[in-house]
Amino acid sequence: MAAFRSPSSASTGLVLLFLISFCVAAFAGNFYQNCDTVWGKDRAQIYDGGNLLTLSLDKISGSGFQSKNEYLFGKIDMQLKLVPGNSAGTVTTYYLSSKGETWDEIDFEFLGNLSGHPYIVHTNVFCQGKGNREQQFYLWFDPTADFHTYSILWNPQRIVFYVDGIPIREFKNLEFLGVPFPNKQKMRLYSSLWNADNWATRGGLVKTDWSKAPFKASYRNFNTDACVWSYGSSYCSPNKNAWYWEELDFAKKGQMKWVQDNYMVYNYCTDKKRFPYGFPTECAFANIL
Ligand SMILES: *[C@@H]1O[C@H](CO)[C@@H](O)[C@H](O)[C@H]1NC(C)=O
């Protein structure tokens with residue numbers, strides 16, 4: 001405390017404070033600078049000088065936003081706090097997608113539920129317009145009580161879905177085995193909150209309770225470490241190396257196994273009814289290579 005009375009250390013303190021806030025601003029993306037609200041009019045709102053974004057859904061419309069930038073590979077982090085209470089029928093999406101008929105897409109979707117019942121985190125990977133690679137998980141915490149970090153790692157070797165830094169799913173580049181991998185088309189980040197009560201909760205059995213509208217999801221700390229597409233090529237940040245070569249080490253693989261053993265709800269790779277004549281090629285390589 002005494003130190004703050006001396007003018008020189010007070011100004012050092014100020015400079016430090018300035019530097020710290022500058023760094024935070026530089027790395028924690030500002031929604032005004034990095035995103036456009038594109039759907040649902042004033043149902044999508046940015047607050048707190050750009051640090052917080054909320055989406056809302058009512059009977060008339062949902063809402064959504066997208067990143068200003070497009071990327072070809074990157075590590076994308078976002079903190080989300082999902083619709084609390086009775087969120088049955090609502091779906092909050094957070095995904096990367098390219099355009100056109102043979103688009104690529106990397107999906108996080110959060111399927112709401114009745115109060116006290118678990119959300120489902122739905123994941124999928126589309127390559128050249130084809131998905132059918134669904135995996136679903138419960139979470140090990142209440143995603144409506146606080147913000148949690150949901151990340152997509154997308155580099156030339158793999159796609160990894162992370163929740164609070166814990167990998168829940170890996171989709172490897174197995175192009176040498178003929179499995180398509182999204183590595184040629186630039187993608188944009190999209191997010192939306194909408195009504196999907198025809199399928200989302202218990203397969204569509206539980207409908208949205210509009211008396212609880214408007215439903216609201218919140219976003220903060222949009223962070224990208226990515227190769228940003230501009231004028232026909234992609235520019236990577238200088239600290240590209242960390243994520244560009246990132247792979248799951250032994251400890252991370254252990255964490256992923258813990259999630260898959262305890263929280264996995266659905267895996268296309270074990271759905272025999274759907275694939276009676278054999279599973280897709282990548283399924284055999286989920287835990288090797
Ligand atoms: C909703 O809750 C039910 C019962 O607890 C559960 O079976 C289901 O997986 C939960 N999630 C969704 C999105 O339906």
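A strand, as the word is used here, is a DSSP run of E of at least two residues, and strands are numbered from the N terminus. With that in hand we can start walking through this model, which is a predicted one.

Let's begin inside strand β7, where T123 lies. How buried is T123? Its relative accessibility is 0%, and since buried means under 20%, T123 counts as buried. Its side chain has a partner, too: there is a polar contact, at 2.9 Å, with the side chain of R169. Setting aside neighbours within four places in sequence, T123 touches quite a list of residues: D107, F108, R133, E134, Q135, F137, F161, I168 and R169. So R169 turns up both as a polar partner of T123 and on the T123 contact list.

Now zoom out for a moment. The protein chain has four helices and 15 strands. Of its 289 residues, 49% are buried. If you take the contacts between residues at least 6 apart in sequence, 66% of them join residues at least 24 apart. As for the outside, the accessible surface comes to about 14,800 Å², and carbon and sulfur atoms own 57% of that.

Next, the residues you will probably want to click on. Which residues does UniProt list under "active site"? The unreviewed entry puts that annotation on E105 and E109. E105 is found in strand β6, and E109 lies in strand β6 as well. E105 has a relative accessibility of 12%, so it counts as buried. E109 also comes out at 12%, so E109 counts as buried too.

What surrounds these two glutamates? Leaving out neighbours within four places in sequence, E105 is in contact with Y95, L96, S97, N124, V125, F126 and M187. The E105 side chain also makes a polar contact with the side chain of W103, at 2.8 Å. For E109, with close sequence neighbours again left out, the contacts are V91, T92, T93, I120, V121, H122 and W199.

Follow the chain out of β6 and you come to a loop. N113 sits there, between β6 (105–111) and β7 (120–126). The unreviewed UniProt entry lists N113 as a "glycosylation site". Is N113 buried or exposed in this model? Its relative accessibility is 9%, so N113 counts as buried. Its contacts beyond four places in sequence are G85, N86, S87, A88, P118, Y119, T201 and R202.

Another loop asparagine can be looked at in the same way. N183 is placed in the loop between β11 (166–172) and β12 (187–195). With a relative accessible area of 18%, N183 is buried, because the cut-off is under 20%. The side chain of N183 makes a polar contact with that of K184, at 2.9 Å. Beyond its neighbours in sequence, N183 is in contact with L72, F73, D104, N173 and E175.

That brings us to the rings. How many aromatic pairs does the structure hold? There are 22. One of them is F65 with Y219, an edge-to-face pair with 5.0 Å between centres and 85 degrees between planes. This pair links distant parts of the chain, since F65 is in strand β4 (residues 63–81) and Y219 is in strand β13 (residues 215–230), 154 residues apart. Both F65 and Y219 are buried.

Compare that with W258 and Y263. Why is this pair called edge-to-face? Its planes stand at 65 degrees, and over 60 counts as edge-to-face; the ring centres are 5.2 Å apart. Here the accessibility is another story: W258 is partly exposed, at 36% relative accessible area, and Y263 is partly exposed, at 22%. Those two values fit the label because partly exposed covers the range between the buried cut-off of 20% and the exposed cut-off of 50%.

Rings also gather in a group. F73, W154, W243, Y244 and W245 form one aromatic cluster, and F73 is a residue you have already met among the contacts of N183. Finally, a charge meets a ring: the charged end of K75 sits over the ring of Y162, 4.6 Å from the centre of that ring.

Technical notes
Residues numbered from 1 in each chain as written. Predicted model: local features only at pLDDT ≥ 70, side-chain atom pairs only at ≥ 80, totals over all residues. Heavy atoms only, no water. UniProt positions renumbered as here; feature names shortened; annotations may be inferred. Buried < 20%, exposed > 50% of the residue type's maximum accessible area, 1.4 Å probe, protein only. Contact = heavy atoms within 4.5 Å. Phe/Tyr/Trp six-rings, centres within 6.5 Å; stacked < 30°, edge-to-face > 60°. Lys NZ or Arg CZ within 6 Å of the ring centre and 35° of its normal. Polar contact = N/O pair within 3.5 Å; in protein donor to acceptor, adjacent residues only side chain to side chain. Areas by Shrake-Rupley, 256 points an atom, 1.4 Å probe, with all protein chains shown as cover.
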